[in-house]
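The exercises below are meant to be worked through with the sequence and the three-dimensional view side by side. Try each task before reading the solution that follows.

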Amino acid sequence: MSPITKLVFATNNAHKIAEIKAQLGEAYDFQSLASIGCHEDVPETSPTLAGNAEQKARYVKEKYGYDCFSEDTGLEVDALNGAPGVITARYAGPARSAEANTAKIFAELSGKTDRTARFRTFICLVMNGEEHLFEGRCEGRISEEVRGGEGFGYDPIFIPAEGDGRTFAEMNGAEKRKYSHRARAMAKLSDFLRENAAS
Ligand code: IMP
């Protein structure tokens with residue numbers, strides 16, 4: 001069996017770490033920010049998702065010295081001109097409440113027929129003095145009501161276009177990974193790491 005590679009994932013979001021562990025299996029030993037002693041809020045002040053991913057990875061490399069990767073995800077709703085986008089986590093305010101965020105999406109979409117939306121994830125890998133960016137996206141639409149108890153964040157109101165009409169929160173982890181923005185970006189990261197390790 002090949003040796004396990006240690007990789008710092010610049011997040012303390014347990015859901016994201018669990019998703020990545022489930023996807024990339026035992027090849028990597030993912031370290032969270034807490035496990036490297038980083039307990040402060042990592043700045044994410046860029047106007048773009050890609051910029052935030054880069055900012056977080058650079059911060060961890062510069063302050064803690066670890067090669068690492070970070071990710072930033074946004075939900076873009078077409079009828080809301082791409083909102084909440086870069087402020088997806090704080091759409092309904094600084095408390096980052098998933099319930100308040102989903103309630104605000106429903107309120108903003110009230111009376112609108114176009115409910116198309118997408119998730120986009122950017123991953124920034126800082127490794128061996130270089131930066132690499134990977135993107136994953138998932139097209140879909142906002143449901144009419146909250147459905148399902150799995151997942152996190154906006155999962156109970158997002159229906160992937162390639163699925164069978166269920167929200168992400170009505171799918172188990174393996175089902176969500178078939179369509180998920182993050183799984184797609186992670187697959188690109190994984191391919192890159194594999195090719196890089198082989199060269
Ligand atoms: P961040 O990338 O951690 O800043 O997350 C941005 C926002 O998107 C947060 O409100 C998350 O809960 C939400 N979010 C990120 N990934 C997902 C997902 O896979 N499903 C549902 N919501 C997500």
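**Exercise 1.** Which backbone oxygen does the side chain of lysine 56 reach, and at what distance?

*Solution.* The model is a predicted one, and the first step is to find the residue in it. Lysine 56 has its place in helix 2, a stretch of 16 residues covering 49-64. The second step is to follow the side chain, which reaches the backbone oxygen of glutamate 71 at 2.8 Å. The third step is to look at the surroundings: leaving aside neighbours within four places in sequence, lysine 56 is in contact with Val42, Pro43, Glu44, Ser70, Glu71 and Asp72. The last step is the exposure of the residue, and lysine 56 counts as buried because its relative accessibility is 8%, where the cut-off for buried is under 20%.

**Exercise 2.** Describe helix 2 from its start to the residue just after it, and say which strands its buried residues pack against.

*Solution.* Begin at the start of the helix, where a side-chain oxygen of threonine 48 comes to within 2.9 Å of the backbone nitrogen of glycine 51. Next, compare the length with expectation: from the first C-alpha to the last, helix 2 reaches 22 Å, which is close to the 22 Å expected at 1.5 Å a residue. Then list the buried residues, which are Leu49, Ala50, Gly51, Asn52, Ala53, Lys56, Ala57, Tyr59 and Val60. These buried residues pack against strand 1 (5-9), strand 3 (68-77), strand 4 (116-127) and strand 5 (130-142). Finally, step past the end of the helix, where glycine 65 takes a positive phi of about 85°.

**Exercise 3.** Are the faces of strand 3 covered or uncovered, and in which sense does strand 3 pair with strand 1 and with strand 4?

*Solution.* Start with a rule about strands: in a regular strand, the side chains alternate between the two faces of the sheet. Applying this to strand 3, one side holds Cys68, Ser70, Asp72, Gly74 and Glu76, the other holds Phe69, Glu71, Thr73, Leu75 and Val77, and both faces are covered, with all of these residues buried. The count agrees, since 10 of the 10 residues of strand 3 are buried.

Now turn to the partners. Strand 1 and strand 3 pair in the parallel sense over 2 bridges, and cysteine 68 in strand 3 is the bridge partner of valine 8. With strand 4 the pairing is antiparallel, over 10 bridges; here serine 70 stands opposite cysteine 124, and glutamate 71 stands opposite isoleucine 123.

**Exercise 4.** How many residues lie between strand 4 and strand 5 in their hairpin, and over how many bridges do these strands pair?

*Solution.* First consider strand 4 by itself, which is mostly covered, with 11 of its 12 residues buried. Its pairing with strand 5 is antiparallel and runs over 12 bridges, and one of the pairs to look up is threonine 116 with its bridge partner in strand 5, arginine 141. The two strands form a hairpin with 2 residues between them, and in the turn asparagine 128 has a positive phi of about 50°.

**Exercise 5.** Which parts of the chain are linked by the salt bridge of arginine 182 and glutamate 19, and are these two residues buried or exposed?

*Solution.* A search of the whole structure finds 26 salt bridges, among them the one in which the side chains of arginine 182 and glutamate 19 meet at 3.0 Å, N to O. This pair links distant parts of the chain, with arginine 182 in helix 5 (residues 181-198) and glutamate 19 in helix 1 (residues 14-24), 163 residues apart. Both of these residues are buried.

For contrast, take arginine 166 and glutamate 175, whose closest N and O atoms in their salt bridge are 3.1 Å apart. Arginine 166 is partly exposed, with a relative accessible area of 26%, and glutamate 175 also counts as partly exposed, at 23% relative accessibility.

**Exercise 6.** Which residues come nearest to the ligand?

*Solution.* There are 14 residues around the ligand, and the nearest of them are Lys16, Asp155, Lys176, His181 and Arg182. To check individual distances, start with arginine 182, which has a polar side-chain atom 2.7 Å from an oxygen atom of the ligand. For histidine 181, an N or O atom of the side chain is 2.9 Å from a ligand oxygen, and for aspartate 72 the corresponding distance is 3.4 Å.

Terms used. Residues numbered from 1 in each chain as written. Predicted model: local features only at pLDDT ≥ 70, side-chain atom pairs only at ≥ 80, totals over all residues. Heavy atoms only, no water. Helix = DSSP H or I, 4+ residues; strand = E, 2+ residues; numbered from the N terminus. Expected span 1.5 Å × (residues − 1). Buried < 20%, exposed > 50% of the residue type's maximum accessible area, 1.4 Å probe, protein only. Contact = heavy atoms within 4.5 Å. Polar contact = N/O pair within 3.5 Å; in protein donor to acceptor, adjacent residues only side chain to side chain. Pairing = 2+ DSSP bridges. Salt bridge = Lys/Arg side-chain N within 4 Å of Asp/Glu carboxyl O. Near = heavy atom within 4 Å.
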